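Please open the structure in your viewer and keep a way of selecting residues by number at hand. The tour below goes from one selection to the next and says what is to be found at each stop.

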Amino acid sequence: MLDLSDAFDTIDHQILFNRLEYSFGVTGDALLWLQSYLMNRTQRVAIGSVQSDDIKLYVGVPQGSVLGLKLYCIFAKPAGEICRRHVMSYYSYADDTQIYQIIRPQGDWCDLSKRLEKCLFDIGDWMSANMLKLNEDKTELIIFAPKHQLKHFSDFRLTFDETVLSDVSSVKNLGMYFDKIIRMEHQASAITKLGYQLHSTKSIIY
């Protein structure tokens, strides 16, 4: 489970425009329209009635918009190409990316772990070159397996940029919790807790 820092806020406009033109063939009026959507944006900080001067933005795409999401996916397309180059499967939803592989107890974890580590290294290197930041400390490794086979994978870990990724017991992905044997108990507990909080809020409102 890859974790990025402020992914939407750090997309370099010029790199994005070059990728749109040379990788996706977006030219002419279509490219000018997209450029006009992002260029000449400014931001300021307001504390009470005091406001800072406007600062022109050369990075970032608007979150919460359909176009912003598509532009991020276009910008990050090379990350998927890196996964394919290392014969890794992957899934992405906006800036949430998972790299995955099927492993077996009798399989060669040493070979797979080396390929995973090299894939992570190349993705991290690409992100650094493209003004993105991959959080090694928040990137997670989890191995899903039947309960009786978990012992075969208990010592699995990866080294990622001097950070050791140990197999965690559960992860949160796209708002859902997954544990190692897919019992969904953590997810059910989270939904129950949320339902109780909503009920309590409703009671207070009424």
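Begin by selecting D12 and Q14 at the start of helix α1, where a side-chain oxygen of D12 reaches to within 3.1 Å of the backbone nitrogen of Q14. Keep in mind throughout that this is a predicted model.

**Helix α1**

Now extend the selection to residues 13-22, which make up helix α1 and include Q14. Q14 is partly exposed, since its relative accessible area is 47%. If you add Y58, which is 44 residues away from Q14 along the chain, you will find the C-alpha atoms of the two separated by 8.0 Å.

Is H13, which also lies in helix α1, buried or exposed? H13 is buried, because its relative accessible area is 5%, and the cut-off for a buried residue is under 20%. Show its surroundings and, leaving aside residues up to four places away in sequence, you will see that H13 touches L38, L57, Y58, V59 and G60.

Next, colour the buried residues of α1, which are H13, I15, L16, F17, R19 and L20. These buried residues pack against α2 (28-38), α3, α4 and α5, and one of these helices is the next stop.

**Helix α4**

Select residues 77-85 for helix α4, and pick out P78, A79, G80, I82 and C83, which are its buried residues. What do the buried residues of α4 pack against? Their partners are the helices α1, α3 (66-75) and α5 (109-129), together with the strands β5 (89-93) and β6 (96-100). Following α4 along the chain, stop at V87, which has a positive phi, near 55°.

**Two hairpins**

Going on to β5 and β6, display the backbone and you can trace two strands that run antiparallel and are joined by five bridges. Within this pairing, click on Y90 and then on I99 in β6, which is its bridge partner. The two strands form a hairpin with two residues between them, and A94 in the turn has a positive phi of about 55°.

Then select β9 (residues 170-173), and look at its two faces separately: V171 and N173 are on the covered face, whereas S170 and K172 are on the uncovered one. In a regular strand the side chains alternate between the two faces of the sheet. Add β10 (residues 176-179), which pairs with β9 in the antiparallel sense over four bridges, and find D179 in β10 standing opposite S170.

Between these strands lies the loop that holds L174. The hairpin of β9 and β10 has two residues between the strands, and L174 takes a positive phi near 55° there. L174 is partly exposed, because its relative accessible area is 41%. Select Y91, Y93 and Y100 along with L174 and show the surface: the four residues form a nonpolar patch with about 430 Å² of accessible area together.

**Salt bridges**

How many salt bridges does the structure hold? There are five in the structure, and the last part of the tour visits some of them. Side chains of opposite charge can pair when their charged atoms come close.

Select D54 and R44, whose side chains meet in a salt bridge at 2.7 Å, N to O. D54 lies in the loop between β3 (50-51) and β4 (55-56), while R44 lies in the loop between β1 (42-43) and β2 (46-47), so the pair ties together parts that are ten residues apart in sequence. D54 is partly exposed at 42% relative accessibility, and R44 is partly exposed as well, with a relative accessible area of 45%.

Move to D111 and R115, which form a salt bridge with their closest N and O atoms 3.5 Å apart. Because D111 and R115 are four residues apart in helix α5, about one helical turn separates them. Both count as partly exposed, D111 at 40% relative accessibility and R115 with a relative accessible area of 27%.

Finally, select D167 and K180, which form a salt bridge whose closest N and O atoms are 2.1 Å apart. This pair links distant parts of the chain, 13 residues apart, with D167 in the loop between β8 (163-166) and β9 and K180 in the loop between β10 and α6 (185-205). K180 is buried, as its relative accessible area is 16%, and the tour ends here.

Conventions: Residues numbered from 1 in each chain as written. Predicted model: local features only at pLDDT ≥ 70, side-chain atom pairs only at ≥ 80, totals over all residues. Heavy atoms only, no water. Buried < 20%, exposed > 50% of the residue type's maximum accessible area, 1.4 Å probe, protein only. Pairing = 2+ DSSP bridges. Patch = residues over 30% accessible without salt bridge, like charges linked within 9 Å, V, L, I, M, F, W, Y side chains within 5 Å. Areas by Shrake-Rupley, 256 points an atom, 1.4 Å probe, with all protein chains shown as cover. Contact = heavy atoms within 4.5 Å. Polar contact = N/O pair within 3.5 Å; in protein donor to acceptor, adjacent residues only side chain to side chain.
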